[in-house]
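Hello,

I am handing over the structure we spoke about, with notes on what was found in it. Please look through it before reading on.

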Amino acid sequence: RILDSDISKRSTFPNTITWSKEKHSGEDIDTWTNITMANTLDLDGTKGKVNKLVTFNEQIFAFQDKGISNVLFNNRVQIPVSDGVPIEITNGYKVEGSRYISTELGCQNKYSIQVTPSGIYFLDSESGGIYLLGGKGLTNLSTNKGFDIWTKEVAYDSTFKTFYDKNNKDVYFITKDYCLGYSEKLEQFTSFYDYNGVDTMFNVDSNFFAIKYDSINSEQSSVWVQFKGEYNNIFGEIKPYSITYIENDEPLVDKVFNNIEYRADVFDSNNNYLANKSFDTITVWNEYQRGEEALVFSGYKPSNLKKKFRMWRVNIPRDSTKKLDRMRNPWLFIKLSKENPSNERMELHDMVVHYFQ
């Protein structure tokens with residue numbers, strides 16, 4: 001039987017890699033633009049299409065839907081000889097094939113891939129994890145650093161992108177609703193930021209820039225310099241800030257939470273110390289209770305926020321539903337926030353939670 005040519009004819013090769021001729025300096029015609037398809041490398045088609053090629057440590061890595069491979073280009077091998085002196089040989093800038101690093105993990109969103117000096121960050125939507133491919137192999141950052149649930153929530157978000165700030169060695173994982181920061185210096189996720197919806201972020205010399213399109217007029221966009229200008233002014237809008245602390249000391253013991261003490265200093269734009277300013281809201285909750293209070297500081301009148309020397313003291317609010325019930329549980333979320341900030345900078349040094357059994 002003769003097959004229908006319209007059905008049997010292939011015009012796309014999603015798992016094929018090709019490369020141009022070698023480039024030489026001083027050429028009249030750039031050979032990098034001459035794609036002859038004379039040389040090709042077919043990766044395993046069962047792993048899905050090739051979504052992106054990246055280079056790290058002079059090696060080429062190919063990311064497919066369900067696989068990550070190392071393209072073996074210009075491999076060098078040291079061969080020992082009888083006199084003990086190694087000889088290095090090269091294949092003359094040729095592609096020998098590929099070697100799969102993982103046949104379980106892959107990357108479906110090419111915009112989630114970001115190369116840094118530490119390795120290659122990427123999101124695997126199917127496993128719901130953020131991974132780092134580096135000197136230690138493949139590391140699941142989401143599971144190891146405690147962000148597994150959040151990553152699974154955004155795994156299939158088509159707006160997921162990854163950017164890198166080389167000056168501060170920070171990685172930003174951004175969607176339309178979230179921005180999660182990761183510090184390569186601390187090797188930890190550090191905070192959520194109000195950079196959600198940013199289209200791109202990049203370094204120019206010592207500055208870090210962000211481009212954000214106007215949500216009202218889609219034809220306009222603005223370029224912003226990060227870490228400049230007024231404090232708490234994010235893309236022209238004053239944003240609140242907060243810190244959430246999980247108190248789970250002695251996790252098997254039922255506790256009644258009493259109050260907290262913390263040291264936090266507030267400075268204005270001229271670095272002047274503002275002695276009477278601190279957080280303005282406290283929110284606490286567990287799986288069956290929740291309480292929230294506005295914090296009011298008064299040096300002489302009764303108030304729920306007190307200060308002695310540099311130590312601030314706050315009573316933990318009671319349950320908002322059963323107003324006489326104290327917060328009682330083996331653990332408790334405690335959130336201190338500044339809902340109405342001005343052009344100020346806060347430094348939180350430490351916090352102590354008091355409870356009794």
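**The nonpolar cores**

Setting aside its neighbours within four places in sequence, Ile 282 touches Ile 260, Gly 291, Glu 292, Glu 293, Leu 295, Val 314, Pro 317, Ile 334, Lys 335 and Leu 336. Please keep in mind that this is a predicted model.

Ile 282 also appears in the largest nonpolar core, which has 21 residues. The residues with the most contacts inside this core are Ile 260, Tyr 262, Ile 282, Ile 316, Ile 334 and Leu 336. At least two residues of the core come from each of these strands: strand 23 (255-268), strand 24 (281-285), strand 27 (311-315), strand 29 (332-338) and strand 30 (344-356). Strand 23 gives the largest share, 5 residues.

Another core lies apart from this one and has 14 residues. Ile 130, Leu 132, Trp 150 and Tyr 182 are among them.

**Strand 5 and its partners**

The next item is strand 5, which covers residues 67-73. Of its 7 residues, 6 are buried, so strand 5 is largely enclosed by the rest of the structure.

Which strands does strand 5 pair with? One of them is strand 4 (residues 59-64), in the antiparallel sense and over 5 bridges. The two are joined by a hairpin through 2 residues. Within this pairing, Ala 62 is found opposite Ser 69 of strand 5.

Strand 8 (residues 95-102) also pairs with strand 5, again in the antiparallel sense, here over 6 bridges. Ile 68 has Ser 102 in strand 8 as its bridge partner.

**The open sheet of strands 17, 18 and 19**

A separate note concerns an open sheet of 3 strands, in the order 17-18-19, with antiparallel pairing. Which strands stand at its edges? They are strand 17 (200-204) and strand 19 (221-225). Each has a single partner strand, so one side of each is left without a neighbour in the sheet. From one strand to the next, the twist averages 25°.

Strand 17 pairs with strand 18 (residues 207-213) over 5 bridges, in the antiparallel sense. Across from Asn 203 stands Phe 208 in strand 18.

When you open the model, you could start at Ile 282 and its contacts, go on to strand 5 with strand 4 and strand 8, and end with the open sheet in the order 17-18-19.

Regards

Notes: Residues numbered from 1 in each chain as written. Predicted model: local features only at pLDDT ≥ 70, side-chain atom pairs only at ≥ 80, totals over all residues. Heavy atoms only, no water. Pairing = 2+ DSSP bridges. Helix = DSSP H or I, 4+ residues; strand = E, 2+ residues; numbered from the N terminus. Axes fitted to C-alpha atoms, helices over the stretch in contact; angles between N-to-C directions. Buried < 20%, exposed > 50% of the residue type's maximum accessible area, 1.4 Å probe, protein only. Core = buried A, V, L, I, M, F, W, Y, C linked by side-chain atoms within 4.5 Å. Contact = heavy atoms within 4.5 Å.
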